[in-house]
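Me: I'm new to this one, so could you show it to me and let me ask how you know what you say?

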There are 2 protein chains.
Amino acid sequence: MTETFKPPSQADVAALAGVSSQTVSRVANERSNVDEETRQRVLSAMQVLGYRPNSAARALVTGRFRMLGVISFSLSAHGNSRTLQAISEAAQTAGYSVNLVGPESQTGGAMRKAFSKLTGQGVDGIIMIEAQILDHPDLRLPSGVPVVVADGDPDQLHPSVDNNQAVGAEAATAHLLGLGHRTVWHLAGPQDSYSARRRAAAWFSTLKRAGAPVPAVLYGDWSAGSGYAIGRRLAEDKDVTAVFVANDHMALGLIKALREAGREVPRDVSVIGYDDIPESGFFHPPLTTVHQDFEEVGRLCVSLLLDQLAHGHRPGGEERSMVTPQLVVRESTAPPPR
Amino acid sequence: MTETFKPPSQADVAALAGVSSQTVSRVANERSNVDEETRQRVLSAMQVLGYRPNSAARALVTGRFRMLGVISFSLSAHGNSRTLQAISEAAQTAGYSVNLVGPESQTGGAMRKAFSKLTGQGVDGIIMIEAQILDHPDLRLPSGVPVVVADGDPDQLHPSVDNNQAVGAEAATAHLLGLGHRTVWHLAGPQDSYSARRRAAAWFSTLKRAGAPVPAVLYGDWSAGSGYAIGRRLAEDKDVTAVFVANDHMALGLIKALREAGREVPRDVSVIGYDDIPESGFFHPPLTTVHQDFEEVGRLCVSLLLDQLAHGHRPGGEERSMVTPQLVVRESTAPPPR
DNA sequence: TCTCGTGATGTTTACGCCAACATCGTAGCC
DNA sequence: GGCTACGATGTTGGCGTAAACATCACGAGA
């Protein structure tokens with residue numbers, strides 16, 4: 001009963017339609033120079049047989065796979081999976097499929113491995129989400145595959161799409177300063193994250209510009225747990241009246257620690273997050289945060305990549321898109337206690 | 001300066017190593033019957049030229065793509081992206097890559113389209129995450145590609161991997177009953193979700209078995225916002241002392257609504273969630289919930305699929321794996337107010 | 001010594017498709 | 001009427017690989 005199903009080929013369709021396989025190919029690829037009547041005949045023959053072009057054969061001869069590779073470190077990071085989803089949708093709309101790989105670690109070696117895994121599988125282009133290559137290997141392997149980086153290294157050699165961290169972090173910091181806080185503490189993301197670094201940099205310069213004292217940066221790992229741990233330490237310092245946290249998850253943990261220490265948000269301490277995850281409006285208190293448009297980032301990545309594919313990718317790739325985030329004021333921020 | 005980079009082929013390697021291309025093929029595929037000395041010579045020739053087998057050519061001749069297709073509705077659902085991540089890792093370990101598609105909608109038509117998109121691209125097997133086909137089309141298209149369903153329809157014709165919703169929902173309900181609540185309300189997920197249905201069914205039968213009255217089921221859409229909306233209505237009913245919510249996000253919204261109505265959790269109302277997202281321990285109050293092992297689900301999906309690939313997939317696919325969830329008691333549940 | 005088996009290697013072929021070129025017929029033009 | 005031009009279609013070839021089959025050398029056993 002193990003009937004070996006043999007999918008129909010162009011030749012089968014051609015035979016049924018009474019044309020040459022080349023004509024079938026032309027119909028399949030929507031060439032113009034096919035008589036309408038013939039076209040219909042071929043089309044219906046395709047339908048009858050359930051013909052689907054063999055992508056491997058097509059890729060072999062054209063060298064195009066109609067497939068985009070995506071390298072994403074962790075999908076548990078909210079932004080990454082949102083971006084991925086948007087990439088997948090945009091790619092599909094453009095007739096491309098998405099090949100997803102996650103490197104085992106974030107070392108240059110693992111990166112390169114993931115990279116070569118993709119080029120080996122055969123992709124037309126690669127998008128790296130939240131790249132954080134520590135040892136700057138030249139990733140432009142001999143494959144000659146164009147690359148776009150989302151939220152990655154600004155020094156990178158590839159075109160990139162970024163959330164404008166500077167704008168977001170500045171808005172957050174300025175908001176707190178504007179509320180009357182003497183200064184603003186910062187709970188940053190991990191040091192090897194470029195997004196985290198850029199947020200910290202903008203926080204720093206905003207403080208400087210305002211002439212506010214600059215407290216030492218604290219580092220978390222994006223998790224609520226790390227926010228909680230840092231929050232416990234921070235709660236002991238009565239000078240702390242405002243904290244800009246680099247993402248909503250950590251802010252959640254921070255707020256819990258603060259509350260446990262008897263410091264209410266926003267009465268005693270104002271807290272502001274980053275990302276605007278769908279849940280943050282339902283936190284207690286509802287979290288003031290910076291909204292990021294991950295969908296837009298994903299879409300831009302794809303269109304940038306398709307551009308390169310269409311026009312041949314220029315080695316110097318300086319193209320850089322920025323997506324502007326938006327401060328969302330809710331109830332976790334208030335003027336400092338008197 | 002547009003130097004067309006032509007990747008080296010087996011023939012190039014063969015020429016450099018002074019062997020036939022077939023020998024190169026044997027080395028590339030790790031066949032046993034190649035002399036060690038020859039093997040080394042070929043290997044180093046490969047290295048020199050930077051040879052990578054052309055996956056399209058290989059797929060063309062073998063009919064295997066070493067690629068798994070994944071259909072996932074929404075990656076914003078926490079469980080889905082966790083499962084996807086695990087699938088991606090497991091697939092990679094087994095030497096497969098992952099082709100991700102998201103159907104535009106959850107109708108049978110969109111599903112079939114996503115399905116045929118994958119088979120058209122060329123995948124060896126397909127995993128559907130949280131399938132909820134409404135009109136039960138027979139998805140076993142002529143492609144003859146094996147399918148595994150994660151958290152899908154129990155009546156489905158395909159092998160599946162499920163979180164054991166019955167166990168989890170029963171544990172949650174029984175926990176509340178055991179605390180002394182007269183009965184337990186249920187805020188379910190959308191009606192077209194099989195996971196949601198199964199949780200509701202287990203909640204229902206647990207109540208029945210305990211002889212407790214069965215309140216009408218309430219339906220949300222998994223979002224915190226929907227939990228909040230339902231919570232506002234629920235807060236008006238003073239009889240409500242315990243609510244089993246079908247996921248953590250909705251529980252968050254529900255708790256907020258309850259609090260706003262002056263009903264404290266767990267003092268006045270006990271709330272229990274589902275999923276155990278990493279943040280739920282940092283909610284206010286820390287959420288009692290049911291932990292799901294999405295990683296295990298992902299791994300099992302891949303191994304089930306690879307099994308089918310290896311042994312030829314039997315049409316009747318009754319294979320069904322269950323992953324057992326675990327009740328995590330935190331601070332959102334307590335005995336009812338006296 | 002001859003045969004036979006076995007392991008290492010080479011040769012041929014086919015996978016399904018599309019590019020390039022070839023062919024054919026017809027319409028338009030002088 | 002014969003020529004060109006062009007649109008519709010067919011023919012040939014080759015992409016890079018692995019399966020199937022062929023070859024060859026060499027050692028074991030009769």
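Me: What makes the pair between Tyr51(B) and DNA strand D a polar contact?

Reply: A polar side-chain atom of Tyr51(B) sits 2.5 Å from a phosphate oxygen of the strand. A polar contact is a pair of N or O atoms within 3.5 Å (within protein, one must be able to donate a hydrogen and the other to accept it, and residues adjacent in sequence count only if both atoms are side-chain atoms), so this pair qualifies. This is a predicted model: local features need pLDDT of at least 70, side-chain atom pairs count only at pLDDT 80 or more, and totals for chains, interfaces and linings use all residues. Side-chain values use heavy atoms, without hydrogens and water, while residues are numbered from 1 along each chain as its sequence is written, with chains lettered from A and ligands numbered from 1 in the order written.

Me: Which residues are closest to DNA strand D?

Reply: Thr38(A), Gln10(B), Gln22(B), Tyr51(B) and Arg58(B), out of 26 that surround the strand. Being near takes a heavy atom within 4 Å. Of the strand atoms that come within 4 Å of the protein, 62% are sugar and phosphate.

Me: What does Arg26(A) reach on the strand?

Reply: A base nitrogen, 2.9 Å from a polar side-chain atom of Arg26(A).

Me: Why are the two copies said to be related as by a two-fold axis?

Reply: Chain B superposes on chain A by a rotation of 180° with 0.0 Å of shift along the axis (RMSD 0.1 Å), fitted by least squares on C-alpha atoms of residues with pLDDT of at least 70 in both. The copies are therefore related as by a two-fold rotation axis.
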